[in-house]
Amino acid sequence: MATKKLTLKIYRALRKLVKADLRNSHIAFGVKGVQKKIRRNAKGVVILAGDVSTIDLYSHLPVLCEDKEIPYCYVPSREDLGRSINSEAVICAFMERHEDYAKYFDRCLEGVLELPMPIT
């Protein structure tokens with residue numbers, strides 16, 4: 001689970017990305033969109049909401065991320081995750097590096113990589 005400080009960095013980076021990327025080619029949200037980005041070997045960060053009531057909706061995504069060596073983290077609220085990308089409650093999102101918000105993405109990536117690895 002991401003720390004409170006890292007969660008705020010992630011939300012800020014997502015807001016900057018949505019403003020900078022009008023075609024939404026560097027962001028994907030929802031299970032279908034995130035899964036498509038992962039399978040196409042896109043390099044980025046996967047953000048998963050931690051308060052999803054039926055975890056079976058995206059329980060396969062962490063396994064896919066580990067297979068493709070894509071960093072991922074959990075944030076506390078799906079409503080806040082959705083609000084950061086101007087949408088309804090979103091259960092997962094994928095963000096790629098974009099030149100207009102590279103410093104925000106790099107801070108998020110650095111924070112996600114510092115998180116402890118899950119026990120397997």
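Contact here means heavy atoms within 4.5 Å. Keep that cut-off at hand for the packing stops below; the model you have open is a predicted one.

**Stop 1: helix α3.** Select residues 61-68, which form helix α3. Colour Leu-61, Pro-62, Leu-64 and Cys-65, the buried residues of this helix. Now look down the axis: these four span an arc of only 160°, which puts them on the same side of α3.

What do the buried residues of α3 pack against? Add α2 (31-39), β2 (44-49), β3 (72-75) and β4 (92-96) to your selection, and you have their packing partners.

Before leaving, step just past the end of α3 to Glu-69, where phi is positive, at about 60°.

**Stop 2: the sheet.** Switch to cartoon and show the strands. You get an open sheet of 4 strands, ordered β1-β4-β2-β3, and the pairing is mixed. β1 (27-29) and β3 sit at the edges with a single partner strand each, so one side of each has no neighbour in the sheet. Tilt the view to follow the twist, which averages 20° from one strand to the next.

**Stop 3: the β2-β4 pair.** Strands of a sheet pair through backbone hydrogen bonds, in a parallel or antiparallel way. Zoom in on β2 and β4: these run antiparallel and are joined by 5 bridges. For one bridge to centre on, pick Val-46 and find its partner Phe-94 in β4.

**Stop 4: helix α5.** Finish by selecting residues 102-114, helix α5. This helix lies across β2, β3 and β4, and runs at about 65° to β2.

Key. Residues are numbered from 1 along each chain as its sequence is written. This is a predicted model: local features need pLDDT of at least 70, side-chain atom pairs count only at pLDDT 80 or more; totals for chains, interfaces and linings use all residues. Side-chain values use heavy atoms; hydrogens and water are left out. Buried means under 20% relative accessible area, exposed over 50%, partly exposed in between (1.4 Å probe, protein chains only). Helices (H or I, at least four residues) and strands (E, at least two) are DSSP runs, numbered from the N terminus. The arc is that of the directions from the helix axis to the C-beta atoms. Two strands pair if DSSP finds at least two bridges between them. Axes are lines fitted to C-alpha atoms, for helices over the stretch in contact, and angles run from 0 to 180 degrees between N-to-C directions.
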